[in-house]
Amino acid sequence: MAQKVVLKVLTMTDEKTKQKAIEAAADIFGVDSIAADLKEQKLTVIGQMDTVAVVKKLKKVGKVDLITVGPAKEEKKEEKKEEKKEEKKEEKKEEKKEETK
């Protein structure tokens, strides 16, 4: 299963270091996508890769802090939970209407 790794690259302050960080992450086997936020100095790497390998490779670019590691598809799970809650609410409303008849 794909995982999402969010890192803070403290040396990523300009476009040049941002590009170096992206290229370093792209060299790792199993990386599907990379997103870099220069303002917050965050690098998000998604794919089926070794987290330790990602951090090790990025340490060559500069100081790296690991923020989070988790499944890549968290948003869809939250949407499904909300849909189930809505369905349960609708079922309860229907039951109450039937009881009042």
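Is Asp 27 buried or exposed? In this predicted model, Asp 27 is exposed, with a relative accessible area of 57%, and the residue is a useful way into the structure, since its side chain takes part in one of the salt bridges described further on.

It helps to begin with the overall plan. The secondary structure of the chain amounts to three helices and four strands, and, read from the N terminus, these elements follow one another in the order β-α-β-β-α-β-α. The chain has 101 residues, of which 25% are buried, and the surface that it exposes comes to about 7800 Å², with carbon and sulfur atoms supplying 48% of that area. Among the contacts in the chain with a separation of 6 or more, 65% are accounted for by residues that stand 24 or more positions apart.

The strands can be followed through strand 3 (residues 42-47), which pairs with strand 2 in the antiparallel sense over six bridges, and which is also joined by six bridges to strand 1 (residues 3-9), again in an antiparallel arrangement. Individual positions show how these pairings are laid out: Ile 34 stands opposite Val 45 of strand 3, and Ser 33 has Ile 46 of strand 3 as its bridge partner. On the side of strand 1, Val 6 stands opposite Thr 44 in strand 3.

Strand 2 and strand 3 form a hairpin, with four residues between them, and in the turn Gln 41 has a positive phi of about 60°. Gln 41 belongs to the loop between these two strands, and with a relative accessibility of 17% it counts as buried. What does the side chain of Gln 41 reach at 3.1 Å? The atom in question is the backbone oxygen of Leu 10, while the backbone oxygen of Met 12 lies 3.4 Å from a polar atom of the Gln 41 side chain. When neighbours within four places in sequence are left aside, Gln 41 is in contact with Leu 7, Lys 8, Val 9, Leu 10, Met 12 and Thr 13.

Charged side chains offer another route through the model. Side chains of opposite charge can pair when their charged atoms come close. A search of the whole structure finds three salt bridges. One of them is formed by the side chains of Lys 57 and Asp 27, at 3.9 Å from N to O. Lys 57 lies in helix 2 (residues 51-59), whereas Asp 27 lies in the loop between helix 1 and strand 2 (31-37), so this pair ties together parts of the chain that are 30 residues apart in sequence. Lys 57 is partly exposed at 28% relative accessibility, whereas its partner Asp 27 is, as noted at the start, exposed.

Another salt bridge is made by the side chains of Lys 42 and Glu 40, with an N to O distance of 3.5 Å. Here Lys 42 is partly exposed, with a relative accessible area of 29%, and Glu 40 also counts as partly exposed, at 42% relative accessibility. In the salt bridge between the side chains of Lys 63 and Asp 65, the distance from N to O is 3.7 Å; Lys 63 is exposed, with a relative accessible area of 51%, while Asp 65 is partly exposed at 30%.

Which side chain of opposite charge is nearest to Lys 18? Lys 18, which is found in helix 1 (residues 15-26), is buried yet has no salt bridge, and the nearest side chain of opposite charge is that of Glu 15, 4.1 Å away. The cut-off explains this outcome, because a salt bridge requires the nitrogen and the carboxyl oxygen to be within 4 Å. Apart from residues up to four places away in sequence, Lys 18 touches Met 12, Ala 36 and Leu 38. Met 12 therefore appears in two of the surroundings described here, as it is listed among the contacts of Lys 18 and, through its backbone oxygen, lies 3.4 Å from a polar atom of the side chain of Gln 41.

Technical notes. Residues are numbered from 1 along each chain as its sequence is written. This is a predicted model: local features need pLDDT of at least 70, side-chain atom pairs count only at pLDDT 80 or more; totals for chains, interfaces and linings use all residues. Side-chain values use heavy atoms; hydrogens and water are left out. Buried means under 20% relative accessible area, exposed over 50%, partly exposed in between (1.4 Å probe, protein chains only). Lys and Arg count as positive and Asp and Glu as negative; His and the chain ends are not counted. Contact means heavy atoms within 4.5 Å. Two strands pair if DSSP finds at least two bridges between them. Accessible areas come from the Shrake-Rupley method with a 1.4 Å probe; for residues, only the protein chains shown count as cover. A polar contact is a pair of N or O atoms within 3.5 Å; within protein, one must be able to donate a hydrogen and the other to accept it, and residues adjacent in sequence count only if both atoms are side-chain atoms.
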